[in-house]
Amino acid sequence: MYSDRELNRLAAYKVSLRRRIAARRTECVLLVSRLTRPVAWLDRALAFWRRLSPFTQLAAVPLGLLVSRAVLPRRGLLGSLARWGPLAFGAARGLGAVFRSRSDQTR
């Protein structure tokens, strides 16, 4: 058997070890909450965007184009993407819808 002195030392070590574990857990919780703040903000922003009516979302596209023309230069790759990107994206979506509807009709 262990002596009382040894058992008391082990009990004290156990208490200190539990305190260190609790402190580490608290530190981890604080760090994780700090890391997830941007994700939580993005989640709230997406939820807000989904609550807006579809017409408001459609109005955001021309507004974005106006802002991009004012902010981005007309020259260079970034300006070209800002200028022709929405047109190419819309054309790709339209073609995708056409191909999907044709494949649905053949089934």
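Author: A residue is buried under 20% relative accessible area, exposed over 50%, and partly exposed in between (1.4 Å probe, protein chains only). The model is predicted: local features need pLDDT of at least 70, side-chain atom pairs count only at pLDDT 80 or more, and totals for chains, interfaces and linings use all residues. Residues are numbered from 1 along each chain as its sequence is written, and side-chain values use heavy atoms, leaving out hydrogens and water.

Reader: What share of the 107 residues in the protein chain is buried?

Author: The accessible surface of the chain is about 10,300 Å² (Shrake-Rupley method, 1.4 Å probe; for residues, only the protein chains shown count as cover). Carbon and sulfur atoms hold 65% of that surface. Of the 107 residues, the buried share is 2%.

Reader: Which pattern does the protein chain follow along the sequence?

Author: Helices (H or I, at least four residues) and strands (E, at least two) are DSSP runs, numbered from the N terminus. The chain has four helices and zero strands. Read in order, the pattern is α-α-α-α.

Reader: In which helix is confidence highest?

Author: pLDDT is the predictor's confidence in each residue, from 0 to 100. The chain averages 81, and 80% of the residues score at least 70. The lowest mean, 72, belongs to α3, and the highest, 95, to α1.

Reader: How many residues of α2 are buried?

Author: Helix α2 covers residues 37-51. Its expected span (1.5 Å times one less than its number of residues) is 21 Å, which agrees with the 21 Å between its end C-alpha atoms. The helix lies largely in the open, because of its 15 residues the number buried is zero.

Reader: Which residue forms a salt bridge with Glu-6?

Author: A salt bridge needs a side-chain nitrogen of Lys or Arg within 4 Å of a carboxyl oxygen of Asp or Glu, and the whole structure has one. Glu-6 is partly exposed, at 27% relative accessibility. Its partner lies three residues away in helix α1 (residues 4-35), about one turn of the helix. With the closest N and O atoms 2.7 Å apart, that partner is Arg-9.
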